[in-house]
Amino acid sequence: MAEQPVDKLTADQAAKQAATLRARLNQWRREYYDNDAPSVEDDVYDHDYERLIALERAYPQLVTADSPTRLVGGSVKAGFTKVQHEIPMLSLGDVFSQAELQEFNDRLVQNVGDPFDYNCELKIDGLALSLRYENGRLVQGSTRGNGSIGEDITENIMTIDSIPHQLTKPLTIDVRGECYMPKAAFAALNEKREAAGESVFANPRNAAAGSLRQLDSKVTAERQLSTFMYNVADYDVLTARTQSDMLEEFADLGFQINPDFQVAHSMSDVFDYIDRYQARRADLAYGIDGIVIKANPLPLQRQLGATVKVPRWAIAFKFPPDEQPTKLLDVEWTV
Ligand code: NAD
C-alpha cells in the first residue's frame, strides 16, 4: 500500500502514524541492540525510521522523549558494569542517495563559509566500542550502549588481537572505533552453530555484538573479532589536526585502522569513492553498509559539534541492501 505524503495527512492521522511507528521501531531497537537478534532487515527499519523523521519534521509537536529519532543504541545488558562516557558516543545521520548527500554538503558549506576537505571512510558493519588508555596502557573497553552509558567489556576486548595493550606513546586517551566479525569467521561460526543445533546469527554485525557482549571472555576469545579505530573523544593529546592524519597517527600508536580511507577535495571525489567501494563491497573481507564522509579538519569537527544524536560534521551514505531486495512490511494504517 502506497504511503500518503505526510503533508496530505490530518494532524490526527499524523499523530496516530507517529505513535505506531515509534512503538514498532522501539520494539525492533530492543531486538537489535539489546538482544542482538533483529527480526527485520535494516532497510525495513530504515524505511519506517525515515517516515517517522518526515512526520516529525512536518509536525514538530509529535516529537517525544522516547522517539527513536532522539535515542542512540540500546540498554546495558544484565551482568555488565556500566561505564559512563564523558563525551557521548553518537550515531550518524544517514542519506540514501547522492542527491541527499549533495544537500548535506551544500548546507554544511553554507554554514561553514570557508572551503574544507572531507575524509571518506568505509562504514564498517559492526558495533562501536571505546578503548581507554592511561599512560599508554589499555585499562578499559566499553560498548556505546545508549551513547552516555555503555557496558564494561574490558576482559572481552583484552582477547582481541588487533587491540594493543600498550601504545607506542604514553598517552591518556579514549579511542573509538568499530568491532566487527570478518565474513569468513561469521560463516564458520554460523556453520558450527547450525551443526550444534543452535540458533544462527542474522548477520556479521549481530554476531560481533553477541560475541563482544559476553559475560564469559573465553567465548569472545574464540570468535575471531577484529577492530578498526577511527575516532577519539578529545583530540588534544594527539599531534594530528585532521581526521585523515589522525588515522595515520592511530596506526603509529599501534591500532588497526581501515586503510581504505581517502581525502576528498570535492563532491565529485566523494561520489567516485562511493562508486568504487560500492563495486568492491562484495570482495572485502568484512561487511560494510555504506561510506561515511567526515569534515577533515578536527577543529572544524569540534566547532560544528553535534545534535542529541548525531555529529553535524559527518554523514553516512547507506548502500542498498546486499542481497535480494527486502519486502517492506505492508503498512496497515488504521487512519
Ligand atoms: P548506524 O549504524 O547507521 O551508524 C552509526 C554507527 O556507524 C556508529 O556508531 C559506528 O558504530 C558505525 N561506523 C562504522 N564505520 C564507521 C566509520 N568509519 N566512522 C564512524 N562511524 C562508523 O547507526 P546506529 O545508530 O548504530 O544504528 C542505526 C542503524 O541500525 C539503522 O539505520 C538500521 O540500519 C540499523 N538497525 C536495524 C534494526 C533492525 O531491526 N534491523 C534495528 C535498529 C537499528
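**View 1. Helix α1 gives the most to the shell around the ligand, with four residues.** This is a predicted model, and here we zoom in on what sits around the ligand. There are 22 residues around the ligand, and W28, Y32, D42, S91 and A128 come nearest. Three elements each supply at least two residues of this shell: α1 (11-34), α2 (42-58) and β3 (118-124). Sort the shell by class and you get twelve nonpolar residues, nine charged ones and a single polar one.

**View 2. The ligand lies between two domains.** The protein chain splits into domain 1, covering 6-62, and domain 2, covering 82-318. Both domains give residues to the shell around the ligand, so the ligand lies between them. Measure it up on screen and the C-alpha centres of the two domains are 25 Å apart. Where the domains touch, four residues come from domain 1 and six from domain 2. On the domain 1 side of that contact, two residues are nonpolar and two are charged, with no polar ones.

**View 3. K123 is the residue covered by the UniProt "active site" annotation.** That label comes from an unreviewed UniProt entry. K123 is found in strand β3, and β3 is also one of the elements that supply at least two residues of the shell around the ligand. Is K123 buried or exposed? K123 is buried, because 21 other C-beta atoms lie within 10 Å. Leaving aside residues up to four places away in sequence, K123 touches the run I288, D289, G290, I291 and V292, plus A316.

**View 4. N258 is a buried residue in a loop.** The loop in question runs between α8 (243-253) and β9 (262-264). N258 has 20 other C-beta atoms within 10 Å, and the cut-off for buried is 20 or more, so N258 counts as buried. Which residues does N258 touch, not counting those up to four places away in sequence? They are E121, L122, I124 and F228. For a sense of scale, look across to Q166: N258 and Q166 are 92 residues apart along the chain, and their C-alpha atoms are separated by 20 Å.

**View 5. D36 has a positive phi without being a glycine.** Its phi is near 55°. D36 lies in the loop between α1 and α2, and both of those helices supply at least two residues of the shell around the ligand. D36 counts as buried, because 21 C-beta neighbours fall inside 10 Å.

**View 6. N135 also has a positive phi, and again the residue is not glycine.** Here phi is near 50°. N135 is found in the loop between β4 (127-134) and β5 (137-143). Buried or exposed, then, for N135? N135 is exposed, because it has 11 other C-beta atoms within 10 Å, where 12 or fewer is the cut-off.

**View 7. Residues 324-335 have a pLDDT below 50.** Check the confidence before reading anything into this stretch. Across the protein chain the pLDDT averages 94, and 96% of the residues score at least 70. Over 324-335, though, the pLDDT is below 50, and beyond near neighbours in sequence this stretch has 15 contacts in the model. As for the model as a whole, it scores ipTM 0.97 and pTM 0.94.

Key
Residues are numbered from 1 along each chain as its sequence is written. This is a predicted model: local features need pLDDT of at least 70, side-chain atom pairs count only at pLDDT 80 or more; totals for chains, interfaces and linings use all residues. Domain bounds come from an automatic or database domain assignment. Two residues are in contact if their C-beta atoms, placed from the backbone, lie within 7 Å. Ala, Val, Leu, Ile, Met, Phe, Trp, Tyr, Cys and Pro count as nonpolar, Asp, Glu, Lys and Arg as charged, and the others, Gly among them, as polar. pLDDT is the predictor's confidence in each residue, from 0 to 100. A residue is near a molecule or strand if its C-beta atom, placed from the backbone, lies within 6 Å of it. UniProt positions are given in the numbering used here, feature names are shortened, and annotations may be inferred rather than shown by experiment.
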